[in-house]
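Trainee: I would like a close look at a single part of this model. Please take one element and go through its surroundings.

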Amino acid sequence: MTERIGLYPGTFDPCTLGHADIIRRGAKLVDRLIIGVTTNPSKNPMFTPEERMDMMTGEISRLGLKNVEIRGFDALLMKFAEHERASIIIRGLRAVADFEYEYQMAGMNQQLNDGIETVFLMADISLQPIASKLVKEIAIYGGDIAPFVSPPVKALVDARVEKIGRKGDC
């Protein structure tokens, strides 16, 4: 029987409880789940790719998942998926806006390789509002991000904000 390999790509800047939920659930669907930590300069990253990979390694350890691996990549997603022999791309959806973007991406990816399926997982209802971009913004302006990230990720974000400087003090 062929090993079913899934790929969950993202910037994970930072990793949120929503990401952890999709990873935990996605890991149940495949024999091996690869977390593909990618670069995306347009997202104004707070952490380097190496720091994000370390963050993800810690989160996977915290979740106790044995069939999950972390890989960095800076390539076309489908080329990376082919390289890793993935047959499934896992994507999390929070809202209609996510669906519209992800639907378009899935269609383009299917044109590139119709042998790799995209599987959408709906975010847990309690985690749907969480977005990495908003977590960073809340942290930079001095808000509490504890409801949105694990304690180790909170410590990393807080330390980074301390280093780059908090904004918006009244």
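Mentor: What follows is about strand 2 and its neighbours. The model is predicted, so local features need pLDDT of at least 70, side-chain atom pairs count only at pLDDT 80 or more, and totals for chains, interfaces and linings use all residues. Residues are numbered from 1 along each chain as its sequence is written, and side-chain values use heavy atoms, with hydrogens and water left out.

Strand 2 covers residues 32–38; helices (H or I, at least four residues) and strands (E, at least two) are DSSP runs, numbered from the N terminus. Seven of its seven residues are buried, so strand 2 is largely enclosed by the rest of the structure. Buried means under 20% relative accessible area, with exposed over 50% and partly exposed in between (1.4 Å probe, protein chains only). In a regular strand the side chains alternate between the two faces of the sheet. Here both faces are covered: Arg32, Ile34, Gly36 and Thr38 are buried on one side, and Leu33, Ile35 and Val37 on the other.

Strand 2 pairs in the parallel sense with strand 1 (residues 5–10) over six bridges; two strands pair if DSSP finds at least two bridges between them. Val37 stands opposite Gly10. Strand 2 also pairs in the parallel sense with strand 3 (residues 68–73), over six bridges, and there Gly36 has Arg71 as its bridge partner.

The chain runs from strand 2 through helix 2 (residues 49–63) to strand 3 in a right-handed β-α-β crossover. Right-handed means that, with the strands pointing away from the viewer, the path from the first strand over the helix to the second runs clockwise. Strand 1, helix 1 (residues 17–27) and strand 2 likewise make a right-handed β-α-β unit.
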